[in-house]
2 protein chains.
Amino acid sequence: MKNFVFHNPTKIVFGRGTIPKIGEEIKNAGIRKMLFLYGGGSIKKNGVYDQVVDSLKKHGIEWVEVSGVKPNPVLSKVHEAVEVAKKEKVEAVLGVGGGSVVDSAKAVAAGALYEGDIWDAFIGKYQIEKALPIFDVLTISATGTEMNGNAVITNEKTKEKYGVSSKALYPKVSIIDPSVQFTLPKEQTVYGAVDAISHILEYYFDGSSPEISNEIAEGTIRTIMKMTERLIEKPDDYEARANLAWSATIALNGTMAVGRRGGEWACHRIEHSLSALYDIAHGAGLAIVFPAWMKYVYRNNPKQFERFAKRIFGLEGEGEELILKGIEAFKNWLKKVGAPVSLKDAGIPEEDIDKIVDNVMLLVEKNLKPKGASLGRIKVLEREDVCEILKLAAK
Amino acid sequence: MKNFVFHNPTKIVFGRGTIPKIGEEIKNAGIRKMLFLYGGGSIKKNGVYDQVVDSLKKHGIEWVEVSGVKPNPVLSKVHEAVEVAKKEKVEAVLGVGGGSVVDSAKAVAAGALYEGDIWDAFIGKYQIEKALPIFDVLTISATGTEMNGNAVITNEKTKEKYGVSSKALYPKVSIIDPSVQFTLPKEQTVYGAVDAISHILEYYFDGSSPEISNEIAEGTIRTIMKMTERLIEKPDDYEARANLAWSATIALNGTMAVGRRGGEWACHRIEHSLSALYDIAHGAGLAIVFPAWMKYVYRNNPKQFERFAKRIFGLEGEGEELILKGIEAFKNWLKKVGAPVSLKDAGIPEEDIDKIVDNVMLLVEKNLKPKGASLGRIKVLEREDVCEILKLAAK
C-alpha cells in the first residue's frame with residue numbers, strides 16, 4: 001500500500017429535492033454575485049433551471065448567465081465566460097449541468113483570476129493555484145468532476161483535448177439530485193456509467209493491489225453495472241439512479257486512488273484524441289479503447305487481470321485463459337448496454353489511425369511531459385503501442 | 001437510498017514515515033503555540049514522541065504538554081488539559097495516541113472555547129459550535145476519530161460514558177503511520193478491528209439497504225477480518241496494518257452512512273455502560289454485545305441479516321437458518337481472534353445485569369433524549385429489551 005494524502009473538502013448535498021438548497025449554500029459562503037453557466041437548455045425543459053433561479057432569488061443572490069456549453073466543452077466558450085466573469089466582477093461560478101458544464105465552470109473560475117489565457121494551464125505554462133469558489137448542480141453522473149479538482153477542455157481550433165488538476169478546483173458545494181436524470185437519453189446514462197467504470201479501472205490496473213481499494217473498486221463496479229442494466233429497463237428507477245450517481249462520484253473523488261500508484265490514464269488520454277477529433281461521447285470512446293488496451297497490456301499485470309475476471313464477472317480458472325475470458329466478458333457487457341466497442345461501431349475509419357496517434361503523441365508532448373508524466377504506467381506507451389491498441393480496437 | 005450530506009474536510013496524511021510532516025502541517029495552518037496531549041508514555045518508547053517533537057522544533061512551533069490520558073478517557077483529564085489550554089492561550093490541540101487521546105484532544109479543543117464545563121456538551125446542555133483547530137498523530141486504528149467529528153468521554157465520578165458529535169470537531173490534519181502499530185499488544189489490534197467492524201455494522205443493519213453502501217461495507221468488513229488474522233500471525237505485516245488502518249478510518253468517516261438511516265448505535269450505547277462500569281476495552285465490550293443484539297433483533301430486518309451471512313461468510317441457504325448460521329459465524333470469528341463473546345468471558349457476573357441496564361437507561365435519559373434520539377432504530381430498545389440482550393450475552 002503506497003503512502004497517500006486524502007483531502008477532499010467538497011460538500012455534497014445528495015438526494016431527491018435538494019436543488020432548492022443551492023441558494024442557501026451560496027449565500028452561506030458570503031457570495032453576492034455570481035456567474036451562472038449552463039449548457040444547451042435541457043435544464044429549462046426539466047425544471048432544474050427554474051429550481052435554481054427560484055432559490056437564488058429567494059436568497060438575494062445576483063447572477064449573470066452564460067449558456068451554450070457543449071459536450072466535449074470547448075475553449076472558446078470558456079474564454080467568453082471568463083470575459084463576462086471579469087467584466088461583471090462575479091465572486092463565484094455556478095455550473096448547472098453535466099461534466100462538460102462543471103469542467104467549464106472550473107476553467108472559468110480559474111481563468112477569472114488569471115491575467116493570461118487559461119489554456120496556459122492545460123499546456124504546462126501555468127499551475128492553477130487560485131480560482132473563484134465553484135458551485136454546481138449536477139445533472140449527469142459520469143465524470144466525477146463534482147467532487148474533484150479536475151477539468152478537461154477541448155481547444156477546438158487545435159483539436160487538443162487536455163486536462164488540468166488543482167486543489168483550487170474542488171467545488172465548494174455540489175448538489176446531486178439523481179431524479180433529474182430520469183429523462184436522460186439512454187446513451188448518456190450508459191456513457192456516464194462507462195466513464196465511471198473506466199475511472200475505477202484506471203486505478204485498479206495501475207500495478208498496485210491494496211486489498212481495501214480492490215474490494216471497494218470491485219463493489220463499485222458491480223454496483224454500476226447492475227444499476228445501468230436496471231436503468232435501461234426503467235429510466236426513472238430512483239434507487240438505481242441514486243446508486244449510480246454516488247458510484248460515479250466516488251469513482252474519481254480520491255476513494256479509488258487510496259494506496260495506489262496514481263492510476264494508468266492511458267485509455268483516458270487515447271480517448272481524448274478520439275473525442276477531440278470526432279466529437280464522440282467520452283464514454284463511447286472509452287468503451288472502444290479500454291478492452292483493446294486490456295488485451296494489449298495484461299501481461300504486465302496478470303494477477304490483477306485474473307482478479308478482475310473473478311471478482312467482476314464471477315469467472316473461474318486461472319492464467320491467460322481466465323484473463324481473456326474476463327476481457328471478453330467486459331466487452332460483451334459494454335455491447336449489451338449499447339456502447340460501441342470498436343472504431344467501426346463509432347464510424348471511425350481504420351485509415352485514420354495514424355492521424356489519431358499523431359494527436360495522442362501531441363498530448364504526450366504538450367500536456368504530459370510538462371508535468372513529468374508518461375502515457376501509462378504498467379506499460380508506458382510509445383507511438384507504436386498506441387497504434388497497436390487502436391488496431392485492436394478497429395473492428 | 002436516503003438523502004444525505006457528505007462533507008468531510010479532514011486531511012489525512014497516510015503511510016510509513018509520515019509523522020515528521022506534522023510540524024509543517026501545523027505551521028501551514030498558522031499555529032504558533034499548541035497543547036500537546038498524549039497517553040501513558042508508549043509514544044516515548046516507540047519513537048513517535050521524538051519524531052513529533054523534532055518536527056515541531058524544526059518548524060518553530062511552541063507547545064505545552066499534558067500526558068496521562070487513559071483508555072476510556074476520563075473527564076478529569078479533559079478538565080486538567082482545558083485549564084492548561086486556557087492559561088497558556090494555546091491556538092490548537094495536538095493529540096498523539098489512539099482514540100482515547102484524540103477524543104480527549106477534541107473535548108479539550110471545544111472546552112478551551114467554552115466558558116462552562118465542557119461536560120455540558122455530553123448531556124445536551126451545550127451544542128459545540130466552535131473548537132480550537134485539532135491535529136493528531138494516530139497510533140491505534142480503531143475508533144475512526146481521526147476523520148470524524150465524534151468524541152466519547154467517561155465522567156468517572158458518575159460512571160457516565162457519553163458521546164458528542166460536532167462539525168467543529170473534525171481534525172484539521174490526521175497523520176496515520178501504520179508502521180507504528182507493529183508493537184501494539186495483540187488484544188489492542190483485535191479490539192480495534194472489532195470496533196471498526198462494529199461501526200460498519202451499526203450502519204449496515206439500520207433498516208436501509210443501498211447497494212453501493214452494502215458493497216462497500218461488506219468489502220471493508222472482509223478486509224478487516226482478513227488483515228486481523230494476518231496481524232495475529234505477523235504483527236509487523238505492513239500491508240495488513242495499512243489495510244486495517246484505512247479500513248478503520250473509513251468505517252466511521254461518513255462513507256458507511258451514505259444513503260442510510262443514520263445507524264443503529266444500540267450496541268455502542270450498551271457497550272459504553274460496560275466500559276464505564278468495568279473499564280474493559282471498548283472493542284471487547286462490543287464483541288460481547290453485538291452477537292447478542294443480532295440474535296435479539298434479526299426478525300426486524302431479516303433480508304439484511306441473510307445478506308450478511310452470504311456476503312461476509314459465504315454461507316448458503318435462506319431464512320432464519322441462514323441468519324442464525326451467519327450470527328454464529330461472526331461469534332466464532334470473534335472467538336477465533338481472541339475477543340471475549342460473553343459477560344462471563346470478561347469476568348462480569350450475570351447478577352450485575354440490572355446495574356448495567358440502569359446505566360444504559362441513564363444514558364438514554366441524559367445523552368440520547370436531549371438529542372431527540374432513541375436507543376436503536378430497527379428495534380427501539382426499552383429497559384426489558386436491554387435486559388434480554390445482556391442475558392443472551394451472559395454466557
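Colleague: Which side chain meets A:Arg311 in a salt bridge?
Modeller: In this predicted model, the nitrogen and oxygen atoms of the pair lie 3.9 Å apart, which falls within the 4 Å that the rule allows. The pair links distant parts of the chain, with A:Arg311 in helix H11 (residues 302-313) and its partner in helix H7 of chain A, 96 residues apart. The side chain that meets A:Arg311 is that of A:Glu215.

Colleague: How many salt bridges does the rule find across the interface of chain A and chain B?
Modeller: Over all chains the structure holds 42 salt bridges. One that joins the two chains is formed by B:Lys226 with A:Glu211, whose closest N and O atoms are 3.0 Å apart. Across the interface of chain A and chain B, the number found is 4.

Colleague: Which element supplies the largest share of the side of chain A that touches chain B?
Modeller: Between the two chains there are 18 residue pairs in polar contact, counted with both residues at pLDDT 80 or more. Strand E1 (4-14), helix H7 (211-233) and helix H8 (238-250) of chain A each supply at least two residues of the side that touches chain B. The largest share amounts to 11 residues, and the element that supplies it is E1(A).

Colleague: In which sense do E1(A) and strand E1 of chain B pair, parallel or antiparallel?
Modeller: The strand of chain B spans residues 4-14, and its pairing with E1(A) runs over 7 bridges. Within this region A:Ile12 stands opposite B:Phe6 in E1(B). The sense of the pairing is antiparallel.

Colleague: What area do chain A and chain B bury between them?
Modeller: The contact takes 37 residues from chain A and 37 residues from chain B. A:Met1, A:Ile212 and A:Trp246 supply 20% of the area that chain A buries against chain B, more than any other three residues. Of the area buried between the two chains, 56% lies on carbon and sulfur atoms, and the value is about 3,100 Å².

Colleague: What percentage of strand does the chain have over residues 9-178 of chain A?
Modeller: UniProt, in an unreviewed entry, annotates residues 9-178 of chain A as "domain: Alcohol dehydrogenase iron-type/glycerol dehydrogenase GldA", and lists residues 189-391 as "domain: Fe-containing alcohol dehydrogenase-like C-terminal". Over residues 189-391 the chain is 67% helix and 0% strand, with the end C-alpha atoms 28 Å apart. Over residues 9-178 the end C-alpha atoms are 21 Å apart, the helix content is 29%, and the strand content is 26%.

Key: Residues are numbered from 1 along each chain as its sequence is written. Chains are lettered from A and ligands numbered from 1 in the order in which they are written. This is a predicted model: local features need pLDDT of at least 70, side-chain atom pairs count only at pLDDT 80 or more; totals for chains, interfaces and linings use all residues. Side-chain values use heavy atoms; hydrogens and water are left out. UniProt positions are given in the numbering used here, feature names are shortened, and annotations may be inferred rather than shown by experiment. Helices (H or I, at least four residues) and strands (E, at least two) are DSSP runs, numbered from the N terminus. Contact means heavy atoms within 4.5 Å. Buried area is the accessible area (1.4 Å probe) that two parts lose on being put together, summed over both. A polar contact is a pair of N or O atoms within 3.5 Å; within protein, one must be able to donate a hydrogen and the other to accept it, and residues adjacent in sequence count only if both atoms are side-chain atoms. Two strands pair if DSSP finds at least two bridges between them.
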